[in-house]
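Dear colleague,

I am handing over the structure below for you to look through. My notes on what was found in it follow.

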Amino acid sequence: LLEVRDRCAHCDLDLSCHDTGDGATVFVILILGALVVGLALWLEASHAPPTWVHLVVWIPAIAMLSIAMLRPFKGILVGYHYRNLRHKYQTGPDA
C-alpha cells in the first residue's frame, strides 16, 4: 500500500532514494486520532449511545479513513523530500 516505485511512471525520475519512513503513518495517526476522538466525544455528549454503537461506528470509520489517508500523505512526504533534499541525490555535471 505504501511502497514507493523505483522510478516515476511519467517523468522517469529515480525515486528509489526517497525514503520517508513512517512519517505518513504518524501524521495519519495524529490527525485521524484527533478527529475521531472529537467526534466520539460529541456523539457521546449529544446522544449518549450505548457502547456497541461506538464500536460499530468508529472501528470501520477509523479503518477506512486511515487506509484512504495513508497514500496521499505518503505522496506528500515524498514530494517534500524531493523538493528539499534533491541536491543530495543529483548526479551528473550539474550536481
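For the classes used here, Ala, Val, Leu, Ile, Met, Phe, Trp, Tyr, Cys and Pro count as nonpolar, Asp, Glu, Lys and Arg as charged, and the others, Gly among them, as polar. This is a predicted model, in which local features need pLDDT of at least 70 and side-chain atom pairs count only at pLDDT 80 or more, while totals for chains, interfaces and linings use all residues. Residues are numbered from 1 along each chain as its sequence is written, and side-chain values use heavy atoms, with hydrogens and water left out.

The largest pocket (an open set of points on a 1 Å grid over the protein atoms alone, where a 1.4 Å probe fits, with protein on both sides within 12 Å along at least five of seven lines) holds about 310 Å³ of space, a volume being the space filled by probe spheres set on points joined across faces, edges and corners. It is lined by 13 residues (those with an atom within 4 Å of a point), and E3, V4, R5, R71 and G75 are the closest to its centre. By class, this lining has seven nonpolar, two polar and four charged residues.

One salt bridge was counted (a side-chain nitrogen of Lys or Arg within 4 Å of a carboxyl oxygen of Asp or Glu): R7 pairs with D12, with the closest N and O atoms 3.2 Å apart. R7 is partly exposed at 40% relative accessibility, and D12 is partly exposed at 47% (buried means under 20% relative accessible area, exposed over 50%, partly exposed in between, with a 1.4 Å probe and protein chains only).

H54, by comparison, is buried, with a relative accessible area of 16%. Leaving aside neighbours within four places in sequence, H54 is in contact (heavy atoms within 4.5 Å) with A40, L43, E44, P49 and I59.

Best regards
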